[in-house]
Amino acid sequence: MNRTEWPITGCEQPLDRDGFGEKCAVVGVFGHPEAANLAYLSLYAMQHRGQEGSGIVSAHEGILLSHRGLGLVADVFPEHIIRQLKGSAAIGHNRYSTSGQTLLKNTQPFVVEYGRGGLAVAHNGNLVNALELREQLEASGSIFQSNVDTEVIIHLMANAKGDRTIDRVCAALARVRGAYSLVFLTPRELLAARDPYGFRPLVLGRIKDAWIVASETCALDLIGATYEREIEPGEVLCISASGLESLHPFPRQPRAACVFEYVYFARPDSKVFGRNVYEVRKELGRQLAREQPADADIVIPVPDSGVPAALGYAEESGLPFEMGLIRNHYVGRTFTEPRDSIRHFGVKVKLNAQADVLRGKRVVIVDDSIVRGTTSKKIVQMVRQAGATAVHMRISSPPTIASCFYGVDTPTTEELVASRLPVEEICRFITADSLGYLSEAGLYAFLRGQRGGFCDACFTGRYPVPVTDLGRKNQLWLFEVAEV
Ligand code: AMP
């Protein structure tokens, strides 16, 4: 159901899709006099992981200071707000929800006062048994403020035994399943945790004596922090005035790092799961050229996501690389289409085809993935209209056939064009002269033979962690009208 179709109260979203999944960014800073400012800059660097809302919580003189808002990082945090977020420790979050509920109360970090004082938490990933746990918690009297899975962790922590926060975090996480890269803040400590499968990235960095935890290394680069290491799958880390304490409290699991981080999601200048994303994407493009050559004159990317793969494709095929599509980088909001309908208006706001580059050329368009196929269709038509004599679509990943339940925004399986149609029919649907995807084996060519350790459920339908919440309803009973 589309958000705009929801009633004001009693709206519900069936969890037969990506539930209340989030593709988000998290950051934590400990031991720096400008902790909130560094968290802000880190969120700014990771804006691509979530644009709906953002929040920072800092720890100052025994209390937590919090500010959250809807919209882009730079809009949510004017300078006077950052100045008020005092203290030498902070955590932050950028949110992008798949459920579409862009509400302040669903914006993170969540902050609560529980029996042991102030606690804030921010989450990237998607729990697959949150609704089941929520039912159990509600049956024993818990009251929830939001309908985001992360809140379950807070309730489990409140119910857990143990004097130390790290023990309560371990006890709570022992009960949840799914994907999580988490940061927690109390007035005295910063904690970070990653699920035992290591679905989503999380890295540890350092500026002199200060520690930084972030989803991606591009955040470390911006604030001048050095990269120390990944937070390991299944690791729970506590950073306090006494130093670092690292626990591995959960049974070891096979690694299932999200391969889609490489294909599309992460920033190309980040090091993710120990590898530079740009290099991996270029290798995907080279492999694509080997598997899916085309009789063409030029290679063009769909910017920005298709650029590194198109460079790899061009390099391997020996065809010239051209920018046949130019992207407007300032597209931030939706537009009202002019009454005299302009062809492909929606896509044209973001991308423009250069007739002088494309006229009379046989063109290979490289993109990272096809989801519904609607954008790809418009792009093919735009390139043809600009004068291309043949349009060959090449995709640097296998067909996307299944929804993600671990934190990447994908529509329902039925809405994925590749789950309904074979490649030849998708080609016809997007009106290309030919369409070629990377093979499943080719996706891992960058590993040079050491296949394994990745989750590729979106391409294979093989889910490493079963989804308990499938079919349960994620209900939201209260909307604040001003937010709708
Ligand atoms: P479509 O032609 O409508 O299937 O859209 C394909 C475009 O969506 C490609 O350019 C992809 O880069 C982009 N894309 C793939 N996955 C996602 C995602 N999870 N969120 C937003 N865009 C995506």
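This is a guided tour of a predicted model, arranged as a series of selections.

**Before starting**

Residue numbers run from 1 along each chain as its sequence is written. Because the model is predicted, local features need pLDDT of at least 70 and side-chain atom pairs count only at pLDDT 80 or more, while totals for chains, interfaces and linings use all residues; side-chain values use heavy atoms, with hydrogens and water left out.

**Stop 1: the two domains**

Colour residues 3-256 as domain 1 and residues 278-450 as domain 2. These bounds come from an automatic or database domain assignment. The C-alpha centres of the two domains are 33 Å apart.

Next, select the residues at which the domains meet. Twelve residues of domain 1 are in contact with nine residues of domain 2, contact being defined as heavy atoms within 4.5 Å. Between them, domain 1 and domain 2 bury about 1,000 Å², of which 56% is on carbon and sulfur atoms. Buried area here is the accessible area (1.4 Å probe) that two parts lose on being put together, summed over both. On the domain 1 side that touches domain 2 there are four nonpolar, three polar and five charged residues. In this classification Ala, Val, Leu, Ile, Met, Phe, Trp, Tyr, Cys and Pro are nonpolar, Asp, Glu, Lys and Arg are charged, and the others, Gly among them, are polar.

How many salt bridges cross the interface of domain 1 and domain 2? The rule finds zero, a salt bridge being a side-chain nitrogen of Lys or Arg within 4 Å of a carboxyl oxygen of Asp or Glu. Two residue pairs are in polar contact between the domains, with both at pLDDT 80 or more. A polar contact is a pair of N or O atoms within 3.5 Å; within protein, one must be able to donate a hydrogen and the other to accept it, and residues adjacent in sequence count only if both atoms are side-chain atoms.

**Stop 2: helices H6 and H5**

Select residues 165-173, helix H6. Helices (H or I, at least four residues) and strands (E, at least two) are DSSP runs, numbered from the N terminus. Seven of the nine residues of H6 are buried, so the helix is largely enclosed by the rest of the structure. Buried means under 20% relative accessible area, exposed over 50%, and partly exposed in between (1.4 Å probe, protein chains only). The buried residues are Thr165, Ile166, Arg168, Val169, Cys170, Ala172 and Leu173. To see what covers them, display elements including helix H5 (150-159) and strands S6 (110-114), S8 (178-185) and S9 (190-194).

Centre the view on Ala172, which lies in H6. Is Ala172 buried or exposed? Its relative accessible area is 1%, so Ala172 is buried. Leaving aside residues up to four places away in sequence, Ala172 touches Ile153, Leu156 and Met157. Those three residues are among the buried residues of H5.

Extend the selection to H5, where eight of ten residues are buried. The cover over these buried residues includes S6, strand S7 (117-127), helix H4 (130-139), H6 and S8. For a sense of scale, draw a distance from Ala172 to His329: their C-alpha atoms are 41 Å apart, with these positions 157 residues apart along the chain.

**Stop 3: salt bridges**

The structure holds 26 salt bridges. Three pairs are suggested for display.

- Arg229 and Glu235: the closest N and O atoms are 2.9 Å apart. Arg229 is partly exposed at 26% relative accessible area, whereas Glu235 is buried at 1%.
- Glu283 and Arg290: the side chains meet at 3.0 Å, N to O. Glu283 is buried at 9%, and Arg290 is partly exposed at 41%.
- Asp433 and Arg384: the N to O distance is 3.0 Å. Asp433 lies in the loop between helix H15 (423-429) and strand S23 (434-437) and Arg384 in helix H13 (residues 374-385), so the pair ties together parts 49 residues apart in sequence.

Now select Lys282, Glu283, Arg286, Arg290, Glu315, Glu316 and Arg448, which are linked in a network of salt bridges.

**Stop 4: Ser396**

Finally, select Ser396, in the loop between strand S22 (390-395) and helix H14 (417-420). Ser396 counts as buried, with 2% relative accessibility. Beyond residues up to four places away in sequence, Ser396 touches Leu284, Leu288, Ala309, Asp367, Asp368 and Leu438.
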